[in-house]
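Here is a short report for a first look. Please keep the sequence and the 3D view open while reading.

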Amino acid sequence: MIDWAARIGISAGRLRLIENKPGAPEGIAGDNRALEFSGYSIALEMFEGEGPFVICNDTLLRVHWSQGWARLIALWLYENVGNTRVEIWGDIRQEEIVWEEKPAIYLASWLWVLPNRASLDAFKQLLDRVVNQPLGEPSAPYLDYYKNWLGKPWWAGGWYGSPNEAELSRKLKSIRMEHALSLEIHRHYPEAMFSLGWNYPYLYRAIRLVDRFLARYHAMKRAFFRL
């Protein structure tokens, strides 16, 4: 992680590793009460200075093309030096299917880039609202859609994680919180959501293509080797 951070200009002294797994020997202990989202909230409390700030979970080094993402983030940071607007950058998703629980455009929850302190403060306020408020009962079409998606085999584009009941339940909760957070961004800062791919569409497409390959590869490994 230190090497990856150095690629985008973050020194080792500025890294904050939140470890949600109980009893982990390294990192700052998280409580895992809201999965990675409560870990993000802890990290935001610890960040110092005026930014920029980068937040991600451990899938960066497992199922994403970390070198490609480092290049893309570095380009954005270089072009936005001195930016004081409230902006939240990330890996954006745009889908035709919309429910009350999910906007048409939302940010994937594995990566967030905040260009300045104002963006961090705004993001933390929205994140804490999602972390501290219970999720409402989801609609049947929304719940059925994501249960079906999580249950797809690896070759049909399903989830790359472990298909046991506990992991499926955890992932469904993460999806719901991911959508809830983007709804909060749309509601309170409708002009703040930015895709890291907008300014560099060809690089972004290449990164997403490699990401898809890596996700399918890891899903195949789990299916055949129980890894």
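The report below covers the sheet, the helices across it, the cores and one pocket of this predicted model.

## The sheet

Start with the strands. Four of them form an open sheet. Their order is β3-β5-β4-β6, and the pairing is mixed. At the edges sit β3, residues 53-56, and β6, residues 193-195. Each of these two pairs on one side only. On average, neighbouring strands of the sheet are turned by 50 degrees against each other, direction ignored.

Now look at one pair in detail. Strand β4 covers residues 88-94. It runs parallel to β6, and three bridges join the two. One residue to find here is tryptophan 89, whose bridge partner in β6 is phenylalanine 194. In general, strands of a sheet pair through backbone hydrogen bonds, either parallel or antiparallel.

## Helices across the sheet

Two helices can be placed against these strands. Helix α2, residues 36-46, lies across β3 and β5. Strand β5 spans residues 105-114, and α2 runs at about 35 degrees to it.

Helix α4 is made of residues 66-79. It lies across β3, β4, β5 and β6. Its angle to β5 is about 75 degrees.

## The nonpolar cores

Which residues have the most contacts inside the largest nonpolar core? They are Trp112 and Phe123, in a core of 25 residues. At least two residues each come from α2, β3, β4, β5, α5 (117-132) and α7 (165-188). Helix α5 gives the most, with six residues.

Phenylalanine 123 is worth tracing. Setting aside neighbours within four places in sequence, phenylalanine 123 is in contact with Leu44, Ile55, Ile88, Trp112, Leu114 and Leu181. Apart from this core lies another, of 23 residues. Its members include Ala5, Trp76, Trp89 and Ile207. Trp89 is thus a residue to view twice: it belongs to this other core, and it is bridged to phenylalanine 194 in the sheet. In soluble globular proteins, nonpolar side chains tend to be buried together.

## A pocket

The second largest pocket has a volume of about 340 Å³. Its lining is made of 16 residues. Closest to the centre are Glu101, Leu135, Gly136, Ala180 and Leu183.

Which elements give two or more residues to this lining? They are α5 and α7. Helix α7 gives the most, with five residues. Both helices also appear in the largest nonpolar core, where each supplies at least two residues.

How values were computed
Residues are numbered from 1 along each chain as its sequence is written. This is a predicted model: local features need pLDDT of at least 70, side-chain atom pairs count only at pLDDT 80 or more; totals for chains, interfaces and linings use all residues. Side-chain values use heavy atoms; hydrogens and water are left out. Two strands pair if DSSP finds at least two bridges between them. Helices (H or I, at least four residues) and strands (E, at least two) are DSSP runs, numbered from the N terminus. Axes are lines fitted to C-alpha atoms, for helices over the stretch in contact, and angles run from 0 to 180 degrees between N-to-C directions. Contact means heavy atoms within 4.5 Å. A nonpolar core is a set of buried Ala, Val, Leu, Ile, Met, Phe, Trp, Tyr and Cys residues joined through side-chain atoms within 4.5 Å. Buried means under 20% relative accessible area, exposed over 50%, partly exposed in between (1.4 Å probe, protein chains only). On a 1 Å grid over the protein atoms alone, a cavity is a set of points where a 1.4 Å probe fits but cannot get out, and a pocket is an open set with protein on both sides within 12 Å along at least five of seven lines; lining residues have an atom within 4 Å of a point. Grid points are joined across faces, edges and corners, and a volume is the space filled by probe spheres set on the points.
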